[in-house]
Amino acid sequence: MKIVDAKVIVTSPGRNFVTLKITTDDGLTGVGDATLNGRELAVASYLTEHVCPLLIGRDASRIEDTWQFLYRGAYWRRGPVTMTAIAAVDVALWDIKGKSAGLPVYQLLGGRSRDRVMVYGHAQGSTIEETVADVGRFLARGYQAVRAQTAVPGVSGTYGISSEPDRYEPASAGLPEASLWSTQSYLNHVPDLFDAIRDTHGYDFQLLHDVHHRLSPIEAAGLGKAIEPYRLFCLEDPTPAEDQTAFRLIRQHTTTPIATGEVFNSIMDCQQLITERLIDYIRTTVVHAGGITHLRRILSLAELYGVRSGAHGATDLSPVCLAAAVHVDTAIPNFGIQEYMPHTDATNEVFPHGHRFHDGYLYPSEEPGLGVDIDEEAAATYPYQRAYLPVARLHDGSVHDW
Ligand code: CS2
Ligand code: MG
């Protein structure tokens, strides 16, 4: 089963997606998500110029060897661009292996550890009252877990708040938008949100919140401590994630569970966080952490230390990534939760898929392989549009952390 073609497809059905499609000499195809939000063409070019030529003629069944070849065989290791490209190859090969075996990918990973995958939805609002009402909408639809974000007074364009229900678009076309950030306003405001949510909706569901890496370790420790009574499922990305020792300080002060890692691309980025038990949920994903092959290694290490998965699943992770994520979530023993922001109709048209959402849970496709494809004709009708995530600045004009 030799690889005869590897092509990169860039499409923008409302937002940019990069997809790798691999074809074998016996006519099987596999797809892998290669989308790196705001840096899409860097991965497309890494694949086209440097990786695809290496794939032609290789045995498509040698997934592990191909991973080792692309990672260890290259002098320059790690980094989001490289690891996203390797992930795309890896996931496409798992798709092909599933198709050649006639099995859905979760069966290749050991079969079901669970019947369904718990997800969290995104409640949001421009005021606390609006967000509380939005949480109610999610609960009424059967969600077991809801992430709640609210606009911070005096912080124009708070990230993650949009007028669209159920989702927000993380990037916008053109050059990066400037958004304002005030840690003081945020810390003064956000505990009132959890208080109002628990007061209105009680404690019989999982509540989550994302800080988007905006706090210092001691600020995060204080927030975690202050919101302990509201019993969050997890507080996500309290500090810039690459500073692993910062989490020691947070841990010393609070029992609020901590999730981080959506920006990580290697097991080296989270080795200390896991082995020192500094976090509770690891948010690494198939697309940004080296594919199914590498993500499984991270999750196996995490299992040993009682850390569970909590995979990133915003709309910039394509339905190809989500399909792969649901297979992994279904198979691993240490699943925690899966983020789920539904894609737009245009995106779903470009990526027909068999995974399904129902009553707060995702179910994997039962088709051989990943159970997702790319409709190349539809994809061609949505040309790439340069887009960026916003950049946060403080009141004095200086750039702040993401
Ligand atoms: C967020 C995302 O979903 C999340 O948890 O942090 O909006 C994230 O900022 C984007 O996916 C980045 O591309
Ligand atoms: Mg996040």
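## Two domains, one shared face

Domain 1 and domain 2 bury about 2,600 Å² between them, and 63% of that area sits on carbon and sulfur atoms. Keep in mind that this is a predicted model. The protein chain splits into domain 1, covering 3-103, and domain 2, covering 108-369. Their C-alpha centres are 26 Å apart. Counted by residue, 33 from domain 1 are in contact with 35 from domain 2.

## Polar links across the interface

Carbon and sulfur don't account for the whole buried area, with their part put at 63%, so let's look at the polar side too. There are 12 residue pairs in polar contact between domain 1 and domain 2, both partners at pLDDT 80 or more. As for which elements domain 1 brings to the side that touches domain 2, strand S2 (17-24), strand S3 (29-33), helix H2 (63-71) and helix H3 (80-101) each supply at least two residues. H3 has the largest share of that side, at 13 residues.

The rule also picks out three salt bridges across the interface of the two domains. If you want a charged pair to pull up in your viewer, try arginine 78 and aspartate 269: their side chains form a salt bridge, at 2.6 Å from N to O.

## The magnesium site

Now for the metal. Ligand 2 is a magnesium ion, and Asp210 (OD), Glu236 (OE) and Glu262 (OE) coordinate it at 1.9 to 2.2 Å. Along the sequence, these donor residues follow the spacing D-x25-E-x25-E. Aspartate 210 belongs to strand S8 (residues 206-210) and glutamate 236 to strand S9 (residues 234-236), so this pair ties together parts that lie 26 residues apart in sequence.

Are these two donors buried or exposed? Aspartate 210 has a relative accessibility of 3%, so it counts as buried, the cut-off being under 20%. Glutamate 236 comes in at 2% relative accessibility and therefore counts as buried as well.

## A look at threonine 330

One more residue to click on is threonine 330, found in helix H11 (residues 319-331). With a relative accessibility of 1%, threonine 330 counts as buried.

What is threonine 330 in contact with, leaving aside its neighbours within four places in sequence? The list runs to Tyr106, Gly111, Arg112, Ser113, Arg114, Val117 and Pro364.

Notes:
Residues are numbered from 1 along each chain as its sequence is written. Chains are lettered from A and ligands numbered from 1 in the order in which they are written. This is a predicted model: local features need pLDDT of at least 70, side-chain atom pairs count only at pLDDT 80 or more; totals for chains, interfaces and linings use all residues. Side-chain values use heavy atoms; hydrogens and water are left out. Donors are N, O and S atoms within 2.8 Å of the metal (3.2 Å for Na, K and Ca); water is not among the atoms, so sites may look incomplete. Helices (H or I, at least four residues) and strands (E, at least two) are DSSP runs, numbered from the N terminus. Buried means under 20% relative accessible area, exposed over 50%, partly exposed in between (1.4 Å probe, protein chains only). Domain bounds come from an automatic or database domain assignment. Contact means heavy atoms within 4.5 Å. Buried area is the accessible area (1.4 Å probe) that two parts lose on being put together, summed over both. A salt bridge is a side-chain nitrogen of Lys or Arg within 4 Å of a carboxyl oxygen of Asp or Glu. A polar contact is a pair of N or O atoms within 3.5 Å; within protein, one must be able to donate a hydrogen and the other to accept it, and residues adjacent in sequence count only if both atoms are side-chain atoms.
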